[in-house]
Structure formats: C-alpha cells, structure tokens
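I have a new structure open and want to get to know it one look-up at a time. Here are my notes, in the order I made them.

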Amino acid sequence: MSLDKTLTFSRGLTLKNRVVMAPMTTKMSFYDGVVTQDELNYYSLRTGEVGAVITAAANVQDGGKGWEGELSVASDQFIPSLSRLASTIKRNGTKAILQLFHAGRMTDSTI
Ligand SMILES: Cc1cc2nc3c(=O)[nH]c(=O)nc-3n(C[C@H](O)[C@H](O)[C@H](O)COP(=O)(O)O)c2cc1C
C-alpha cells in the first residue's frame, strides 16, 4: 500500500496521504499553557507535506498538567492560542490533531 494514497476515516475525514507526524512533547509552551512563537515555528517547519500532525500532549485540566511548558486545552481562554496552532499546522491541507492528555498520578501540584 502506498503512503501517497488518501485515507478516509469512517466519519468522513480524509487525510491527503498516510504519513502522520507522531505526538512529540517539546515543552515549548508558556508557563500557562499558551502556545509560543517558537512552538508555532516548530510545527510550521514540519507541516504541509504530511497527511496529519498530532500535537504534543495538551492538558485538559489545570490539575492534569504533567510538566512545565505543556500545551493547555483546559479552558476556553486557550481558544485563540489553539487556533493559531491549528492554522499553522493546517497549511497545504494537512490535518491538525490535538492530543488530549491528563497526567493522572504523574501530575505535580508545584507546576
Ligand atoms: C521527544 C519525544 C516526545 C514525545 N512526546 C509524546 C507525547 O507528547 N505524546 C505521545 O503520545 N507520545 C509521545 N512520544 C512518543 C512518540 O509519539 C512515538 O509514539 C514514539 O516515539 C514511538 O514511535 P515509534 O513507534 O515510531 O518508535 C514522544 C516521543 C519522543 C521521542
């Protein structure tokens, strides 16, 4: 099977090819989980050709944060930040997938 072929999921979303960037934590976000320009540059350098990019883990709750520099999706206040991230990744038809994450027993109340 060719990696160049499109891939359509059962709910209708189509990836333009079968190459997907795995989620890799870079610890580049601001202390409060807002995306940084360095982080946008990192994704910009890697997107555009692949079918989809899965972002680094993004904590779904303040109490679910696992490390400094983690991306946050804990409240609506992050929508502008996440929109910038999505637009950066969605260049040239690449799909943007946000990895939802809660660190569970690995959370650290000091961060
Ligand atoms: C620096 C680094 C950061 C990673 N961060 C995440 C992450 O945030 N979320 C996740 O699910 N996997 C993360 N991974 C795991 C990768 O997505 C991938 O699954 C792993 O490297 C195994 O890939 P492989 O099966 O091709 O060897 C990370 C891997 C590396 C090397």
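**Entry 1: Tyr43**

Leaving aside neighbours within four places in sequence, which residues is Tyr43 in contact with? Before I answer, I note that this is a predicted model. I found Met21, Met24, Val53, Thr55, Ala56, Leu85, Thr88 and Ile89 in contact with Tyr43.

I then looked up the largest nonpolar core, and Tyr43 turned up there among the residues with the most contacts inside it. The others named with Tyr43 are Met21, Val35, Val53, Leu71, Leu85 and Ile89. The core has 15 residues in total. I checked which elements feed this core: H1, strand E4 (52–59) and H2 each supply at least two of its residues. Met21, Val53, Leu85 and Ile89 were already on my contact list for Tyr43.

**Entry 2: the whole chain**

I stepped back to get the layout. I counted two helices and six strands. Reading along the sequence, I wrote down the pattern β-β-β-α-β-β-α-β. The radius of gyration is 15 Å, close to the 13 Å that the globule rule gives for 111 residues, so the chain is as compact as a globular protein of that length. I also boxed the C-alpha atoms along the principal axes and got roughly 45 × 30 × 20 Å.

Next came burial: 34% of the 111 residues count as buried. The accessible surface comes to about 6,700 Å², and carbon and sulfur atoms hold 54% of it. For contacts with a separation of 6 or more, I noted that residues 24 or more positions apart account for 65%. On charge, I have 12 positive and 10 negative side chains, with the centres of the two sets 11 Å apart.

**Entry 3: Leu15, buried in a strand**

I picked Leu15, which sits in strand E2 (residues 14–15). Buried or exposed? Leu15 has 2% relative accessibility, so I put it down as buried, the cut-off being under 20%.

Not counting residues up to four places away in sequence, Leu15 touches Thr6, Leu7, Phe9, Val20, Gly51, Ala52 and Lys95. I looked at Gly51 on that list in particular: Leu15 and Gly51 are 36 residues apart in sequence, yet their C-alpha atoms are 5.0 Å apart in space.

**Entry 4: Glu70, buried in a loop**

How does a residue with a charged side chain fare here? I tried Glu70, which is in the loop between E4 and strand E5 (71–72). At 1% relative accessibility, Glu70 counts as buried.

I listed what Glu70 is in contact with, again without neighbours within four places: Ser29, Phe30, Gly33, Ala57, Ala58, Asn59, Gly64, Lys65 and Phe101. I also took a C-alpha to C-alpha distance from Glu70 to Thr25 and got 7.7 Å, for a pair 45 residues apart in sequence.

**Entry 5: Lys5 and Thr6**

I moved to the start of the chain. Lys5 lies in the segment before strand E1 (7–8), and Thr6 is in the segment before E1 as well. Lys5 is partly exposed, with a relative accessible area of 47%. Thr6, at 46%, also counts as partly exposed.

What do they touch, beyond four places in sequence? For Lys5 I found Lys16, Asn17 and Arg18. For Thr6 I found Thr14, Leu15, Lys16, Asn17 and Arg18. Leu15 from my third entry has Thr6 on its own list. Thr6 and Lys16 are 10 residues apart in sequence, with 4.6 Å between their C-alpha atoms. I then took a long span: the C-alpha atoms of Lys5 and Arg105, 100 residues apart along the chain, are separated by 40 Å.

**Entry 6: positive phi values**

Last, I looked for positive phi in residues other than glycine. Phi of Lys27 is near 55 degrees, and phi of Asn92 is near 60 degrees. Where do they lie in the chain? Lys27 is in the loop between strand E3 (20–21) and helix H1 (37–46). Asn92 is in the loop between helix H2 (79–89) and strand E6 (95–101). I checked accessibility too: Lys27 is exposed at 53% relative accessible area, and Asn92 is exposed at 52%.

How values were computed
Residues are numbered from 1 along each chain as its sequence is written. This is a predicted model: local features need pLDDT of at least 70, side-chain atom pairs count only at pLDDT 80 or more; totals for chains, interfaces and linings use all residues. Side-chain values use heavy atoms; hydrogens and water are left out. Helices (H or I, at least four residues) and strands (E, at least two) are DSSP runs, numbered from the N terminus. The radius of gyration is taken over C-alpha atoms; the globule rule is 2.2 Å times the number of residues to the power 0.38. Buried means under 20% relative accessible area, exposed over 50%, partly exposed in between (1.4 Å probe, protein chains only). Contact means heavy atoms within 4.5 Å. Accessible areas come from the Shrake-Rupley method with a 1.4 Å probe; for residues, only the protein chains shown count as cover. Lys and Arg count as positive and Asp and Glu as negative; His and the chain ends are not counted. The place of a charge is taken as NZ of Lys, CZ of Arg, CG of Asp or CD of Glu. A nonpolar core is a set of buried Ala, Val, Leu, Ile, Met, Phe, Trp, Tyr and Cys residues joined through side-chain atoms within 4.5 Å.
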